[in-house]
Amino acid sequence: MKARIFGLAAFAACLAMPVYAVALSDAAGSYTISPSGSSIRFTIGKAGGGGFDGAFGRFKGTIRIDNGDVGRSKVDLTIYPESVGTGQGRIDAFLRSDAVFDATNNPEIQFRSTSVTRTGDTTALVIGRLTARGKTFSEKFTAELGGLKGGTIKFHVTGKVLRSRYGMDVGTPLYSNIVDFDMTLMGKRG
Amino acid sequence: MQSITNTPTRYGWAMIILHWLIGILFIGQFALGFVMVRTTSQRTSFELIQLHKSVGFLLLGLIILRIAWRLRNAAPTLPGSVGTLERKTAPLAHFALYAFQIALPLSGWALVSVSTLEIPTMPFNLFVMPNLPLTESDASESFWTSVHWYLAYAGIALVALHIAAALRHHFLLRDTVLTRIITPSSAKE
């Protein structure tokens with residue numbers, strides 16, 4: 001009898017809860033972004049069609065999902081521009097040089113979220129301050145929860161950044177000013 | 001009234017403008033090419049290379065116009081004082097100058113077309129210039145880089161010879177060979 005009442009109570013609790021793909025209470029916690037399983041890719045459109053693809057090989061960060069209030073969740077991400085790779089060594093050297101990232105004098109690109117707004121069952125709008133080459137601007141990214149399994153959380157993050165604002169306008173209009181980011185961030189609890 | 005077309009003894013102003021414009025741009029391109037690959041700033045180097053490509057396509061257009069004009073307008077004959085040897089070699093030198101004016105921009109165009117950097121070409125940021133239908137590879141890129149480089153040095157040597165010959169005509173032989181490419185022909189002639 002006792003077990004039956006407990007079962008009913010659990011059923012009622014389930015009904016009362018919003019139907020999210022992943023219950024917030026399950027996802028809540030702090031995660032460390034794991035470079036294996038994560039990727040930070042970008043594409044820049046080229047005049048005449050096609051694009052220019054690259055990725056950052058080294059980065060670190062944390063994701064904190066607040067149990068009570070998603071809006072108080074936080075994302076911190078540090079990218080090392082030295083680790084940029086495009087598959088073309090001469091282009092990589094150009095990107096690392098003071099023409100673009102100036103990786104020697106600016107070894108880190110940082111993103112610190114300032115607000116997280118839930119936009120759907122599994123999506124959120126992440127607004128934060130992006131700092132690159134000593135310049136900081138507010139940027140928006142869309143995060144979609146890809147899965148939660150055994151203390152590992154996965155997000156697909158996309159967003160557009162205007163590179164001219166960070167003193168990286170070289171090559172416009174041959175190469176678009178818009179950098180399209182496509183990231184998979186895998187976090188491990190703890 | 002100055003004439004646009006050449007006369008038997010003088011050049012018309014169309015040919016004079018094209019001559020000096022192409023000459024200045026050609027020498028400028030040589031200097032720009034020399035500097036752009038030696039600049040330490042990667043950004044400046046990139047921008048100078050794009051400018052070099054833009055001027056190269058402008059030159060190619062001007063040279064096609066110039067050759068078309070030249071084919072419809074016979075060049076004035078040389079003054080009577082010019083010797084037999086020069087009378088025979090000058091047309092060859094001029095033909096070679098025209099050949100370099102065509103070959104240099106074309107080899108540059110081939111170079112950007114086969115480059116594995118795949119940098120688009122937008123002359124003066126106005127429009128996208130398509131690549132020549134050539135296969136890109138590192139080997140082709142270094143081949144066309146060498147071709148463009150050798151043509152540039154041979155071309156500038158020929159230009160130096162051309163300038164020296166013009167100065168010789170003006171200051172030593174004191175004939176009209178230099179002045180006739182400065183002062184246009186007149187309709188009265």
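How many residues does the hairpin that joins S7(A) to S8(A) pass through? Four residues make up that link. Keep in mind as you look around that this is a predicted model.

## Three strands in chain A

Let's start with the strands on either side of that hairpin. S7 of chain A covers residues 109–118, and S8 of chain A covers residues 123–132. The two pair in the antiparallel sense, with eight bridges between them. If you'd like one spot to find on screen, try Arg118(A): its bridge partner in S8(A) is Ala124(A).

Now carry on to S9 of chain A, which takes in residues 135–149. S8(A) pairs with S9(A) too, again in the antiparallel sense, this time over ten bridges. Ala124(A) turns up here as well, standing opposite Ala143(A) in S9(A). So S8(A) has S7(A) as one pairing partner and S9(A) as another. A hairpin links S8(A) and S9(A), with two residues between them. Have a look at Arg133(A) in that turn, where phi is positive, at about 55°.

## Chain B, helix by helix

Over in chain B, you'll find four helices and zero strands. Follow the sequence along and the pattern reads α-α-α-α. The chain B C-alpha atoms fill a box of roughly 55 × 30 × 30 Å, taken along the principal axes.

Chain B has 189 residues, and 21% of them count as buried. What about contacts along the chain? Take those in chain B between residues at least 6 apart in sequence: 69% of them join residues at least 24 apart.

## H1 and H2 side by side

Two chain B helices are worth a stop: H1, residues 13–36, and H2, residues 42–72. Their axes come within 9 Å and cross at roughly 155°. An angle over 145 degrees counts as roughly antiparallel, which is why H1(B) and H2(B) are described that way. The crossing of H1(B) past H2(B) is left-handed. Sorted by class, the residues in this contact are 20 nonpolar, six polar and one charged.

## Where the chains meet

Finally, how many residues of chain B are in contact with chain A? Ten are, and they meet 14 residues of chain A. On the side of chain B that touches chain A, six residues are nonpolar, three are polar and one is charged.

Key. Residues are numbered from 1 along each chain as its sequence is written. Chains are lettered from A and ligands numbered from 1 in the order in which they are written. This is a predicted model: local features need pLDDT of at least 70, side-chain atom pairs count only at pLDDT 80 or more; totals for chains, interfaces and linings use all residues. Two strands pair if DSSP finds at least two bridges between them. A residue is buried if 20 or more other C-beta atoms lie within 10 Å of its own, exposed if 12 or fewer, and partly exposed in between; C-beta atoms are placed from the backbone. Two residues are in contact if their C-beta atoms, placed from the backbone, lie within 7 Å. Axes are lines fitted to C-alpha atoms, for helices over the stretch in contact, and angles run from 0 to 180 degrees between N-to-C directions. Angles under 35 degrees count as roughly parallel, over 145 as roughly antiparallel, 65 to 115 as roughly perpendicular and the rest as oblique. A crossing is left-handed if the near helix is turned anticlockwise from the far one by less than a right angle, and right-handed if clockwise. Ala, Val, Leu, Ile, Met, Phe, Trp, Tyr, Cys and Pro count as nonpolar, Asp, Glu, Lys and Arg as charged, and the others, Gly among them, as polar.
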